[in-house]
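Work through the exercises below with the sequence and the structure side by side. Try each task before reading its solution.

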Amino acid sequence: MASHSTLFISPQNLSSNFSSLFYYSPQSLTFRTKKASSLSLTTTKPRRLSLSVSASHSLQALIFDCDGVILESEHLHREAYNDAFAYFNVRCPSSSQPLNWDLQFYDVLQNLIGGGKPKMRWYFKEHGWPSSTIFETPPESDEERAKLIDTLQDWKTERYKEIIKSGTVEPRPGVLRLMDEAKAAGKMLAVCSAATKSSVVLCLENLIGMERFKGLDCFLAGDDVKEKKPDPLIYLTAAKRLGVSEKDCLVVEDSVIGLQAATKAGMSCVITYTSSTADQDFKDSIAIYPDLSNVRLSDLELLLQNKIAAS
């Protein structure tokens with residue numbers, strides 16, 4: 001005796017004149033209406049109905065940039081660079097005074113080039129290699145130029161550390177709460193910064209605390225990868241170390257350089273802009289915030305789900 005099953009369905013486009021009864025047996029499919037009529041489809045061979053559910057991606061790892069995201073630090077970096085230029089009496093050919101990057105210029109520079117050494121190398125190529133107490137005459141060989149930049153960067157980093165240790169710097173609003181929410185929900189946490197590792201470690205230890213720092217599932221700095229942002233290498237490396245798909249990662253950045261690095265890596269990105277990045281083009285981000293004070297983990301999960309669904 002043939003068996004049959006009854007399923008209750010409510011298709012969106014089905015008229016209210018129809019009941020919601022759908023009959024299935026291995027030999028036939030029958031749609032029955034409230035009227036004395038029905039539509040049957042008979043098969044010659046038994047058929048099997050199956051549902052195919054495709055695997056979906058979800059938020060598994062939350063990745064933060066450091067400078068500009070965890071702390072609004074660019075003005076602190078600028079101060080440290082200018083202190084280094086003054087200490088070593090760095091003078092480009094067009095100036096009789098020590099080099100000083102003003103606020104307006106540095107806002108442009110830091111959004112154009114990621115990493116301290118690449119910033120200086122670009123500037124000296126554009127404006128002429130300087131004289132200094134390191135080299136009385138402008139360096140001409142690649143070795144001498146590398147030594148100049150390394151010396152300036154090392155001194156600048158130490159000066160930056162002094163500023164961070166002063167106790168006057170605080171994390172940006174909402175950062176610590178969002179980190180704690182993610183950790184409590186079992187999400188992986190990472191920090192990926194183009195800055196020097198020693199300076200990033202100092203920032204994290206002082207601003208998010210040792211417990212949160214040690215609890216990070218991945219931490220990468222500029223020293224750990226050969227290419228700087230906007231190259232995606234740092235984020236691709238993070239995904240590999242975390243053991244997750246790039247599509248399951250959500251990056252928090254503050255600048256278009258970081259946004260480009262994240263999207264090139266195949267990751268979704270939200271922006272929490274600063275005063276120096278507010279006017280940048282963030283069209284490729286999935287959300288833009290002035291800070292994270294009103295952003296919850298559930299908001300980010302929904303954003304990522306919607307992004308994946310749309311793609």
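The exercises cover the sheet, the cores, one helix and a few single residues.

This is a predicted model, in which local features need pLDDT of at least 70, side-chain atom pairs count only at pLDDT 80 or more, and totals for chains, interfaces and linings use all residues. Residues are numbered from 1 along each chain as its sequence is written, and side-chain values use heavy atoms, with hydrogens and water left out.

**Exercise 1. The chain as a whole**

Task: State how many helices and strands the chain has, and what share of its residues is buried.

Solution:
- Step 1. Helices (H or I, at least four residues) and strands (E, at least two) are DSSP runs, numbered from the N terminus. There are ten helices and ten strands in the chain.
- Step 2. Buried means under 20% relative accessible area, exposed over 50%, and partly exposed in between (1.4 Å probe, protein chains only). Of the 311 residues in the chain, 43% are buried.
- Step 3. Contact means heavy atoms within 4.5 Å. Among the contacts with a separation of 6 or more, 60% come from residues 24 or more positions apart.

**Exercise 2. The sheet**

Task: Find the order of the six strands in the open sheet, and locate its edges.

Solution:
- Step 1. Two strands pair if DSSP finds at least two bridges between them. The order is β7-β6-β5-β8-β9-β10, with parallel pairing.
- Step 2. β7 (218-220) and β10 (287-289) are the edge strands, each pairing on one side only.
- Step 3. On average, neighbouring strands of this sheet are turned by 20° against each other, direction ignored. Here axes are lines fitted to C-alpha atoms, for helices over the stretch in contact, and angles run from 0 to 180 degrees between N-to-C directions.
- Step 4. Strand β5 (residues 61-64) runs parallel to β8 (residues 249-253) and is joined to β8 by four bridges. Ala61 is opposite Cys249 of β8.
- Step 5. β5 also pairs with β6 in the parallel sense, over four bridges, and Leu62 is opposite Leu189 of β6.
- Step 6. The parallel pairing of β6 and β7 has three bridges; Ala190 has Cys218 of β7 as its bridge partner.
- Step 7. Strand β6 (residues 188-192) is largely enclosed by the rest of the structure, because four of its five residues are buried.

**Exercise 3. The nonpolar cores**

Task: Which residues of the largest nonpolar core touch the most other members?

Solution:
- Step 1. A nonpolar core is a set of buried Ala, Val, Leu, Ile, Met, Phe, Trp, Tyr and Cys residues joined through side-chain atoms within 4.5 Å. The largest one has 41 residues, and Leu62, Phe64, Leu71, Val191 and Leu204 touch the most other members.
- Step 2. Helix α6 (residues 197-207) gives this core its largest share, five residues.
- Step 3. At least three residues come from each of domain 1 (61-72 + 171-310) and domain 2 (74-165); domain bounds come from an automatic or database domain assignment.
- Step 4. A second, separate core has 24 residues, including Cys192, Tyr235, Leu259 and Ala261.

**Exercise 4. The surroundings of helix α6**

Task: Name the buried residues of α6 and elements that cover them.

Solution:
- Step 1. Ser199, Val200, Leu202, Cys203, Leu204 and Leu207 of α6 are buried.
- Step 2. Their cover includes α4 (142-165), α5 (175-184), β6, α7 (210-214) and β7.
- Step 3. Gly209 follows α6 and has a positive phi, near 90°.

**Exercise 5. Two cysteines**

Task: How many disulfides does the structure hold?

Solution:
- Step 1. A disulfide is a pair of cysteine sulfur atoms within 2.5 Å. The structure holds zero disulfides.
- Step 2. For Cys192, the nearest cysteine sulfur is that of Cys218, 5.3 Å away.
- Step 3. Cys192 is buried at a relative accessible area of 0%, and Cys218 is buried at 4%.

**Exercise 6. Two buried helix residues**

Task: Is His77 buried or exposed, and what does Ile234 touch?

Solution:
- Step 1. His77 is in helix α1 (residues 74-87). His77 counts as buried because its relative accessibility is 6%.
- Step 2. Leaving aside neighbours within four places in sequence, His77 contacts Asp67, Tyr106, Lys156 and Tyr160.
- Step 3. Ile234 belongs to helix α8 (residues 233-242) and is buried, with a relative accessible area of 2%.
- Step 4. Not counting residues up to four places away in sequence, Ile234 touches Cys192, Ser193, Leu220, Ala221, Val225 and Lys229.
- Step 5. Ile234 and Leu220 are 14 residues apart in sequence and 7.1 Å apart in space, C-alpha to C-alpha.
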